[in-house]
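Ready for some practice in reading a protein fold? Keep the structure in view and try each exercise before you look at its solution.

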Amino acid sequence: QDMQYLQNNGYTAVVIQDLVDYVYHGTALPEKPVMITIDDGYLSVKEYIFPLLEKYQMRAVLSVIGKYSDQYTNMPDRNVAYAHLTWDDVRELSESGVFDIENHTYDMHKNAQGRKGSMKKSGESTEEYKKNLQEDLSKVSTLVEQSTGKKPICYTYPFGFFSKESKEVVKEMGFLASLSCNEGNNYITRDPECLYLIKRYNRPHGKSAEE
């Protein structure tokens with residue numbers, strides 16, 4: 001129903017590269033752009049969402065957690081209720097042209113040992129924190145590039161948690177955009193800053209596409 005609604009109302013799904021091309025190169029965006037974003041990289045994306053996106057000629061941004069794709073690549077468990085995509089799945093989805101594969105940490109998608117998502121921990125030195133975050137993000141970026149041939153250009157914050165230091169690292173590492181979990185519309189200008197902490201609406205259960 002959501003895909004039907006977007007198609008019937010003249011929306012065109014864009015991905016991160018489209019926004020980057022608009023900001024940096026002046027490439028035109030469609031008249032009514034919308035971005036569909038899907039986090040974590042569950043197998044259900046391939047089984048259920050992929051066919052729908054193809055049917056309605058839509059594209060989506062898929063942010064994967066490196067550790068879980070590693071885990072399910074090495075474990076033959078294809079239970080669609082909880083399994084994650086293998087790296088072969090990720091490659092297939094990328095090659096389809098339907099999905100833009102982005103970075104959602106290697107192993108920071110959790111609240112544990114005093115760290116919330118990829119935020120700086122209390123008592124952690126800035127130097128130590130930056131090293132930890134860089135190592136984590138570099139690891140999954142390398143895995144995505146090995147799988148798809150494309151290096152991620154966007155960082156998707158787990159749970160939307162970010163700190164001043166995390167924003168600095170994301171930029172220093174060359175990410176051209178980042179996705180938050182703050183809700184709201186985005187105003188894309190020629191200023192590269194508008195591509196960081198892009199706002200998103202969570203798709204709630206039980207609401208019509210029109211709502």
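One thing to note at the start: α5 is followed by glycine 97, whose phi is positive, near 80 degrees. Keep in mind that this model is predicted.

**Exercise 1. Find which residues of helix α5 are buried, and work out on which side of α5 they lie.**

Solution.
- Step 1: Go through residues 87-95, which form α5, and pick out the buried ones: Trp87, Asp89, Val90, Leu93 and Ser94.
- Step 2: Look at how they are spread around the axis. Their arc is only 155 degrees, so they sit on the same side of α5.
- Step 3: Recall a general rule: an α-helix has 3.6 residues a turn, so residues three or four places apart point the same way.
- Step 4: Now turn to the other side of α5, where Asp88 and Glu95 are exposed.
- Step 5: Ask what covers the buried residues of α5. The cover includes the helices α3 (43-55), α4 (66-73) and α6 (126-148), together with the strands β4 (60-64) and β5 (99-103).

**Exercise 2. Describe the largest nonpolar core: how many residues does it have, and which elements give two or more residues to it?**

Solution.
- Step 1: Count the members. This core has 27 residues, and Ile36, Leu53, Met58, Leu62 and Phe99 have the most contacts inside it.
- Step 2: List the elements that give two or more residues: α1 (2-8), α3, β4, α5, β5 and α6.
- Step 3: Find the top contributor. That is α3, which gives 4 residues to this core.
- Step 4: Zoom in on leucine 53. Leaving out residues up to four places away in sequence, leucine 53 touches Met3, Ile36, Met58, Arg59, Ala60, Val98 and Phe99.
- Step 5: Look for a further core. Apart from the largest one lies another, of 15 residues, including Ile16, Tyr22, Ile153 and Cys194.

**Exercise 3. Glutamine 113 has a positive phi although it is not a glycine. Where is it found, and is it buried or exposed?**

Solution.
- Step 1: Read the angle: phi of glutamine 113 is about 55 degrees.
- Step 2: Locate glutamine 113 in the loop between β6 (111-112) and β7 (115-116).
- Step 3: Compare its relative accessibility, 73%, with the cut-off of over 50%; glutamine 113 therefore counts as exposed.

**Exercise 4. Do the same for leucine 197: where is it found, and is it buried or exposed?**

Solution.
- Step 1: Leucine 197 is a residue other than glycine with a positive phi, near 55 degrees.
- Step 2: Leucine 197 belongs to the segment after β9 (177-179).
- Step 3: Its relative accessibility is 19%, and buried means under 20%, so leucine 197 counts as buried.

Technical notes:
Residues are numbered from 1 along each chain as its sequence is written. This is a predicted model: local features need pLDDT of at least 70, side-chain atom pairs count only at pLDDT 80 or more; totals for chains, interfaces and linings use all residues. Side-chain values use heavy atoms; hydrogens and water are left out. Buried means under 20% relative accessible area, exposed over 50%, partly exposed in between (1.4 Å probe, protein chains only). The arc is that of the directions from the helix axis to the C-beta atoms. Contact means heavy atoms within 4.5 Å. A nonpolar core is a set of buried Ala, Val, Leu, Ile, Met, Phe, Trp, Tyr and Cys residues joined through side-chain atoms within 4.5 Å.
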